[in-house]
Amino acid sequence: MKLTTEIIKKLPKAELHCHLDGSLRIDTILNLASEQNIKLPSNNKKILESILMITDNIGSLEEYLKKFDIILSILQTPDALTIIAYELAMDCWKDGIRYLEVRYCPELHTKNGMTLSNTVEAVKLGLKQAEKKCEIITGIIICSLRNMSPLHSLKLSKLAVKYKNKGVVGFDLAGIEENFPAKKHKEAFYLIL
């Protein structure tokens, strides 16, 4: 039997490392930006897609992460987070994923006044809506970033504990590793244990 894309899509899979803010549909980016009056580098779907696309010649992690500034500009409301969480889970379901762990840093979504808990509730809502529609099982991994203060990591680890068994399945430290050792964030991990 030849292994085809169609067969692979039908096979049940688990996705354990899926970035919420790295999994948006281009149309959704354009719609959310329009609704929120946010200026994007381009309103042309193909041009925006080429700006956000990750290619083999990206250069460095820093260059890669700069693309997220565009995405994060439209993800500062509960509705936006709910929409993208729902769409992500539905897209994963269509690809045969039956268990999905979505990771994101709540701190990056608080520029317009959302609390950390607001972000978790919004993401949970979108994932739960997808679970009801297609029976995918989902969980959230709260991430802190290495370049953040260890106090931010501690605050985010407390958030992960608060939502343990209420949608959150893990805590992680993400971002640029060079010059940002994990040991500076050890208190956050001690709290999780």
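Here are some exercises with worked solutions on a predicted model, so keep the structure open as you go.

**Exercise 1. The largest pocket**

Find the volume of the largest pocket, and work out which residues and elements line it.

*Solution.*
- Step 1: Start with the space itself, which comes to about 600 Å³.
- Step 2: Move to the wall. The lining has 26 residues, and those closest to the pocket centre are Leu65, Phe68, Leu108, Leu145 and Gly175.
- Step 3: Assign the wall to elements. Two or more residues each come from strand 1 (13-19), helix 4 (61-73), strand 2 (97-104), strand 3 (137-145) and strand 4 (168-174). Helix 4 gives the largest share, with eight residues.
- Step 4: Sort the lining by class. You should arrive at 13 nonpolar, five polar and eight charged residues.

**Exercise 2. The second largest pocket**

Repeat the analysis for the second largest pocket, and say which element gives the largest share of its lining.

*Solution.*
- Step 1: The volume of this pocket is about 290 Å³.
- Step 2: Its lining is made of 15 residues, with Asp21, Gly22, Ser23, Leu52 and Ile54 closest to the centre.
- Step 3: Helix 2 (26-35), helix 3 (45-52) and helix 4 are the elements that provide two or more lining residues. The largest share is that of helix 4, at four residues.
- Step 4: By class, count nine nonpolar, three polar and three charged residues.
- Step 5: Put the two pockets side by side. Helix 4 supplies the largest share of the lining in the largest pocket, and helix 4 does so in the second largest pocket too.

**Exercise 3. The cavity**

How many cavities of 30 Å³ or more does the model have, and which residues line the largest one?

*Solution.*
- Step 1: The count at this cut-off is one cavity.
- Step 2: The largest cavity holds about 40 Å³ of space.
- Step 3: Its lining consists of Lys124, Leu127, Lys128, Glu131, Thr138, Gly139, Ile140 and Gly167.
- Step 4: Helix 6 (116-134) and strand 3 each give two or more of the lining residues, and helix 6 has the largest share, four residues.
- Step 5: The class tally is two nonpolar, three polar and three charged residues.

**Exercise 4. The nonpolar core**

Describe the largest nonpolar core, then list the contacts of Ile29.

*Solution.*
- Step 1: Recall the background: nonpolar side chains in soluble globular proteins tend to be buried together.
- Step 2: In this model the largest nonpolar core has 51 residues. Leu20, Ile29, Leu75, Leu100 and Ile142 have the most contacts inside it.
- Step 3: Helix 5 (residues 78-94) contributes the largest share of the core, eight residues.
- Step 4: Zoom in on Ile29. Leaving out residues up to four places away in sequence, Ile29 touches Leu24, Leu40, Leu48, Leu52, Ile71 and Ile74.

**Exercise 5. Cysteines**

How many disulfides does the structure hold, and are Cys92 and Cys105 buried or exposed?

*Solution.*
- Step 1: The number of disulfides is zero.
- Step 2: For Cys92, the nearest cysteine sulfur belongs to Cys18, 4.7 Å away. A disulfide requires sulfur atoms within 2.5 Å, so this pair does not qualify.
- Step 3: Cys92 has a relative accessible area of 8%, so Cys92 counts as buried.
- Step 4: For Cys105, the nearest cysteine sulfur is that of Cys143, at 7.1 Å, and Cys105 is in no disulfide.
- Step 5: Cys105 is likewise buried, with a relative accessible area of 3%.

**Exercise 6. Lys155**

Place Lys155 in its surroundings.

*Solution.*
- Step 1: Lys155 belongs to helix 7 (residues 150-162).
- Step 2: With a relative accessible area of 39%, Lys155 is partly exposed.
- Step 3: Beyond residues up to four places away in sequence, Lys155 touches Glu107 and Leu116.
- Step 4: Ala188 is 33 residues from Lys155 in sequence, yet their C-alpha atoms are 7.7 Å apart.

**Exercise 7. Positive phi**

Where do Asn37 and Asn179 lie, and what is the phi of each?

*Solution.*
- Step 1: Keep the usual pattern in mind: most residues other than glycine have a negative phi.
- Step 2: Asn37 has a positive phi of about 55°. Asn37 sits in the loop between helix 2 and helix 3 and is exposed, at 72% relative accessible area.
- Step 3: Asn179 has a positive phi near 75°. Asn179 is found in the loop between strand 4 and helix 8 (186-192), and its relative accessible area of 64% makes it exposed.

Note on methods
Residues are numbered from 1 along each chain as its sequence is written. This is a predicted model: local features need pLDDT of at least 70, side-chain atom pairs count only at pLDDT 80 or more; totals for chains, interfaces and linings use all residues. Side-chain values use heavy atoms; hydrogens and water are left out. On a 1 Å grid over the protein atoms alone, a cavity is a set of points where a 1.4 Å probe fits but cannot get out, and a pocket is an open set with protein on both sides within 12 Å along at least five of seven lines; lining residues have an atom within 4 Å of a point. Grid points are joined across faces, edges and corners, and a volume is the space filled by probe spheres set on the points. Ala, Val, Leu, Ile, Met, Phe, Trp, Tyr, Cys and Pro count as nonpolar, Asp, Glu, Lys and Arg as charged, and the others, Gly among them, as polar. A nonpolar core is a set of buried Ala, Val, Leu, Ile, Met, Phe, Trp, Tyr and Cys residues joined through side-chain atoms within 4.5 Å. Buried means under 20% relative accessible area, exposed over 50%, partly exposed in between (1.4 Å probe, protein chains only). Contact means heavy atoms within 4.5 Å.
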